[in-house]
Each structure stands twice: as C-alpha cells, then as structure tokens.
Amino acid sequence: MLAILFPIVMGSVGFGVDYATWLVRKQQLQAIVDATALAVVSDMQVAGYDRGRAQAVAEGQVRSLADGFEASVGRIVGTVGPIFPVVR
C-alpha cells in the first residue's frame, strides 16, 4: 500500500513546490512591471512623451530592479508605446 501511495504523495508535494515557486516569480515580475510603468509615467510628466526616452527609462528601471531575477528566469524583454494615440 505504501509503495502505491508514496509516488502519488511525492508527486503532489513536488507539484505544490513548483506551483508556489511559480506564484512567487509571477509576483516579483509583476512588481517590476508596476514599478517600471510608474517610473516611465513619472518621467513623462516631467519631460513629455518621447519614445526613445521612455524606452531608456524603462530599460534602466528593469535592469536595476531585475538584478538576479534575469539569471534565474531568462532575459526580460519589453517595448514601450503609447496606450492611446498621441494627439498633437
């Protein structure tokens, strides 16, 4: 009986650990994205919208916040663009 239940219990424990790790990584990545969005918007309020500047601010923010995160997950790539069309 133990030989039948042991692999099932170990598989369940392994799945639970993997799921918990995935949730923590998701929360960390969401915090990085939120902080980056706030940094870009704050910079846009001061300097106005410039796609190159917004991209530079976003990349700098992600690099500073994702130190160590990239090594365990992989490369983080993103682009910056307006949500709504810019009316001039």
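**Exercise 1. Decide whether F15 is buried or exposed, then find its ring partner.**

*Solution.* Start with the surface. F15 has a relative accessible area of 60%, so F15 is exposed, given that exposed means over 50%. Keep in mind that you're looking at a predicted model.

Next, look for rings. Searching the whole structure turns up two aromatic pairs. In one of them, the ring centres of F15 and Y19 sit 6.4 Å apart with the planes at 15 degrees, so this pair is stacked. The cut-off behind that word is planes under 30 degrees apart.

Now place the two residues. Both belong to helix α1, which covers residues 2-47, and they are four residues apart, about one turn of the helix. The general rule helps here: an α-helix has 3.6 residues a turn, so residues three or four places apart point the same way.

Check the partner too. Y19 comes out at 43% relative accessible area, which makes it partly exposed. Finally, ring pairs join F15, Y19 and W22 into a cluster.

**Exercise 2. Work out how many salt bridges the structure holds, and where their partners lie.**

*Solution.* The count is two. Take them one at a time.

- Step one: the side chains of R53 and D43 meet at 2.8 Å, N to O. This pair links distant parts of the chain, with R53 in helix α2 (residues 51-65) and D43 in helix α1, ten residues apart.
- Step two: compare their surroundings. R53 is partly exposed at 40% relative accessibility, while D43 is buried at 17%. The limit for buried is under 20%.
- Step three: turn to R63 and E59, whose side chains form a salt bridge at 3.9 Å, N to O. A salt bridge needs the nitrogen within 4 Å of the oxygen, so this pair makes the cut. Both residues lie in helix α2, four residues apart, about one turn.
- Step four: check the surface again. R63 counts as exposed at 56%, and E59 as partly exposed at 36%.

**Exercise 3. Compare the reach of α1 with its expected span, then see what follows the helix.**

*Solution.* α1 has 46 residues. From its first C-alpha to its last, the helix reaches 67 Å, close to the 68 Å expected at 1.5 Å a residue. Right after α1 comes G48, and its phi is positive, near 80 degrees.

**Exercise 4. Describe how α1 and α2 meet, and pick out the residues that make the contact.**

*Solution.* First, the geometry: the two helix axes come within 9 Å and cross at roughly 145 degrees. The crossing of α1 past α2 is right-handed.

Then list who takes part. From α1, the contact uses I32, A35, T36, A39, V40, D43 and A47. From α2, it uses R53, A54, V57, A58, Q61, V62 and L65.

Lastly, bring in burial. In α1, the buried residues include I32, T36, A39, V40 and D43, and each of these also appears in the contact with α2.

**Exercise 5. Find out which residues V40 touches beyond its neighbours in sequence.**

*Solution.* V40 is a residue of helix α1, and V40 is buried, with a relative accessible area of 9%. Set aside the neighbours within four places in sequence, and V40 is in contact with A54, V57 and A58. For one of these you can add a distance: the C-alpha atoms of V40 and A58 are separated by 6.2 Å, though the residues are 18 apart along the chain.

Technical notes:
Residues are numbered from 1 along each chain as its sequence is written. This is a predicted model: local features need pLDDT of at least 70, side-chain atom pairs count only at pLDDT 80 or more; totals for chains, interfaces and linings use all residues. Side-chain values use heavy atoms; hydrogens and water are left out. Rings of Phe, Tyr and Trp (its six-membered ring) pair if their centres lie within 6.5 Å; planes under 30 degrees apart count as stacked, over 60 as edge-to-face and the rest as tilted. Buried means under 20% relative accessible area, exposed over 50%, partly exposed in between (1.4 Å probe, protein chains only). The expected span of a helix is 1.5 Å times one less than its number of residues. Axes are lines fitted to C-alpha atoms, for helices over the stretch in contact, and angles run from 0 to 180 degrees between N-to-C directions. A crossing is left-handed if the near helix is turned anticlockwise from the far one by less than a right angle, and right-handed if clockwise. Contact means heavy atoms within 4.5 Å.
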